Amino acid sequence: MSLKMVVNLQGIVTPRSDRPFGELEVREGVAIVVEAGKIKAIAPEEELLKQFPDAERIDGEKCWAFPGFVDPHTHPVFAKTREEEFEMRIEGRSYEEIAAAGGGIRNSVRALRKTSFDELVELTYWRVREFLDYGTTTIEAKSGYGLSLEDEIKSLRVLKHVASLLPITIVPTFLGAHEIPDEYRSRREAYIDLLIKEMIPRVAEEKLAVFCDVFTEKDVFSVKESEQILIAAKDYGLIPKLHADELSPLGGAELAARVRAISADHLVQISDQGILAMKEADVIPVLLPGTTFFLGKPQYAPARKMIAAGLPIALATDYNPGSSFTQNMSLITSIACTQMKVRPAEALWAATLGAARAIARDKELGSLEVGKKADIALHRVPNYLYIPYHYGMNHVCKVLKEGRVVVEK
Ligand code: NIG
Ligand code: FE
């Protein structure tokens, strides 16, 4: 079996599965040996050069090696961007007002339905490619701009196809419960019926998704409706996730605990009981401070309260054309630090191992440890504080996916 070795590194910075939330291991002068796409050894470079003299060398260019970012909440399958809504918000209209007037998600739905599979593949391909350029090697990606059986299936197939074209792991989520589409506005029960009786069974049958997500929000899906949908999804083997307590405190976190969701995401308005319930039920909070920033809202999710309660957090971009249009996980760590007072080490932990937990992939992803996938991002920084500190930048000099160099600057 051919061996590779990443040499000439400054060192590695990584969470470890046997250490607590927020703790990073920093080891200088080590090299990384890769075999069959997995990490085989991490040890001082001189030792490894002696032990594996024939390994193919990959130049680490004196960078620090981090685990590739895992982005556990993205919406990359859409037909057109919505910059006009961005301008409307700057001029004073809120995200909720724009949505109520038929904009927002429903705007994207109308456009996606008119767009072919091939066109969507092309659009999604370049967007996903950009995650890699910023050092992200795994994304969770949702459907949710189709909202009909045919268009949701189309969106999930687009994800599957794009995953076969690019060296990135895409973990798919069915988000048919993202909005009530135009044609069901006056008969929402009929849409919930369609979700439960046709869409979920079909998605499960075709194995097109791992998770089922619901936008639990005022004027979207109530807690009761969300519960119905997620229980049905579980019956078909889809693991629940939720958009919870983002714009209004409905009790989405408590619901996430009740249905044993893998994660509850957003949580700006989470209650103290919600925090306790999530802790009890081991639900990972996925925080999306880029969304709060981009919507220009004053209040961020109470990250410190969650951490104090013993909840390990995860961070994600929420990449989508409406409420958060960036693929840059480094920038998300900056916003987490400055706006939620998350410490830099905690933010980097949350963007790697925490994020891997939020998509149930922490056994194979999210840290540089022997046996895990060799998904490695080399950042040209003097130390790890620089990732959130020198903000808005792309520090990546190389990205390895399962040991293969896939980005080189
Ligand atoms: O996570 N909240 C619902 N879904 C997205 C927004 C999608 C959109 O505006 O297109 C979110 O913020
Ligand atoms: Fe989202």
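Buried residues, meaning those under 20% relative accessible area with a 1.4 Å probe and protein chains only, make up 62% of the 409 residues in the protein. This is a predicted model, in which local features need pLDDT of at least 70 and side-chain atom pairs count only at pLDDT 80 or more, while totals for chains, interfaces and linings use all residues. Residues are numbered from 1 along each chain as its sequence is written, ligands are numbered from 1 in the order in which they are written, and side-chain values use heavy atoms, leaving out hydrogens and water.

**Overall fold**
- The radius of gyration, taken over C-alpha atoms, is 21 Å, which agrees with the value near 22 Å for a compact globule of 409 residues under the rule of 2.2 Å times the number of residues to the power 0.38.
- Along the principal axes of the protein, the C-alpha trace spans about 70 × 45 × 45 Å.
- Of the contacts (heavy atoms within 4.5 Å) between residues at least 6 apart in sequence, 71% join residues at least 24 apart.

**Iron site**
- The iron ion (ligand 2) has as its protein donors His73 (NE2), His75 (NE2), His243 (NE2) and Asp318 (OD), at 2.1 to 2.4 Å, where donors are N, O and S atoms within 2.8 Å of the metal (3.2 Å for Na, K and Ca) and, because water is not among the atoms, sites may look incomplete.
- Along the chain, these donors follow the spacing H-x1-H-x167-H-x74-D.
- His243 counts as buried at 4% relative accessibility, and Asp318 likewise counts as buried at 1%.

Conventions
Buried means under 20% relative accessible area, exposed over 50%, partly exposed in between (1.4 Å probe, protein chains only).
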